[in-house]
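Reader: Could you take a close look at the disulfides in this model for me? I would like to see how they are built and what surrounds them.

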Amino acid sequence: MKKIFLIILSLFMFGIFADELPANFSKYQAHYAFKCDQGEKCAAVFDKYMNAPAVKAMNLEVDLYALAHQGWNGATHQISYYYKNADEYAMAGNVFNTSKAGSMFRNAMNKLGAELIMSSMTKHIAANVSDDAGSELVTVNWDLNVSNPAEFLPLWVELSNSTEGYEWNADACGVQAHILGNNGNGITHNVWCTFATPQAALSFLDNYATTPEFAEYSANVSEHRTFLRSHMSYLVKEYNPD
C-alpha cells in the first residue's frame, strides 16, 4: 500500500510542476543517440530528411546534437524530437516509418555506417527558464536514479530558484522523467541546463557545487536520488525552434 501511495503522490507532483512549465515547452521528447564516424555526412543526410516535403509540412521542433564527454557507450550524436502532444508524436512516427523520405534516410544512414546506440522517451516535469535566455548552444546533462520523485522534485525546484541570482547561472534548466526506452541501467530522470557558450557552461560547472544552496540540496536529496552519469552536448542544427 505504501508503494501504491508513493506512485500516486509522485504522479500528483508531476501534474503540479507540469502545469508550471513554459507554454512553449514540449510535453514529450524522443531521443535517438547514434554513432557516426562521418558526422558531417550524417548531418547532411538528416537535413535532407527534415527538408523533405512530407517532413517539413509537420513543422516539428527537432535538434541535432554532437555529444561530448560521454564515455559509457560509442554514441557521437543525438537527434531529439520535441512533441507538444501525442498527436504530433503519432504523426511523426507515421511519416518516418511509411514515407519515401523515411526510407531514403534510413538507407543513407546505413550506407554511412551509422549505428543507433540508445533510444528513449522522456516527459518534461519541471523547468526554470531565464527571462533573457539566449541560444541553447551547449547543454549539460545529468542522469539520475530517483527513488522518491515526490521528495526530489520540490527540492530540485527550490535549488533552481535559489541560484537565479548568480551571474554564472544557466540560461535554463529542467527535469525530464524517462518513460520509455533503453536509456541505460537505472536511469529514471534527467536534469539538463543550457548555455550560450562552452565557457558559460564551464563557469557554471566551476561554481554551482561550491554554493551553500547546493550543499543544502545535496544533503536533503541524497536519500531520494543517485547520480549515475553526465555529459555535454553541442547543438549542430535546430529545426523549427519554439
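Author: The link of C36 and C42 is right-handed, with 90 degrees about the S-S bond. This is a predicted model, and in it the two sulfur atoms of C36 and C42 sit 2.0 Å apart. Both ends of the bridge are covered: C36 is buried at a relative accessible area of 5%, and C42 is buried at 3%.

Now to the other bridge. C173 and C193 form a disulfide with their sulfur atoms 2.1 Å apart. The torsion about this S-S bond is about 110 degrees, so the disulfide of C173 and C193 is right-handed. C173 belongs to strand β6 (residues 172–181) and C193 to strand β7 (residues 189–195), so the bond ties together parts that are 20 residues apart in sequence. Because buried means under 20% relative accessible area, C173 at 9% falls in that class, and so does C193 at 3%.

That makes two disulfides in the count. If you number the bonded cysteines in sequence order, they pair as 1-2, 3-4.

What lies around the second bridge? One way in is W142, which is in contact with C193. Leaving aside neighbours within four places in sequence, the partners of W142 also include H189, N190, V191 and W192, along with F204, L205, Y208, F227, R229 and S230. W142 is also one of the residues that touch the most other members of the largest nonpolar core, a group of 29 residues. V175, F195 and F204 are among the others named for this, as are F152, W156 and Y217. Strands β6 and β7 each supply at least two residues of this core, as do β4 (115–129), β5 (138–146), α6 (149–162), α7 (198–207) and α8 (212–221). The largest share, six residues, comes from α6. A second, separate core has 26 residues, including Y28, F46, V95 and A114. In soluble globular proteins, nonpolar side chains tend to be buried together.

To set all this in the whole chain: there are eight helices and eight strands, and buried residues make up 46% of the 242 residues. Of the contacts between residues at least 6 apart in sequence, 82% join residues at least 24 apart. The chain exposes about 12,700 Å², with carbon and sulfur atoms supplying 54% of that area.

Terms used. Residues numbered from 1 in each chain as written. Predicted model: local features only at pLDDT ≥ 70, side-chain atom pairs only at ≥ 80, totals over all residues. Heavy atoms only, no water. Disulfide = S-S within 2.5 Å. Buried < 20%, exposed > 50% of the residue type's maximum accessible area, 1.4 Å probe, protein only. Helix = DSSP H or I, 4+ residues; strand = E, 2+ residues; numbered from the N terminus. Contact = heavy atoms within 4.5 Å. Areas by Shrake-Rupley, 256 points an atom, 1.4 Å probe, with all protein chains shown as cover. Core = buried A, V, L, I, M, F, W, Y, C linked by side-chain atoms within 4.5 Å.
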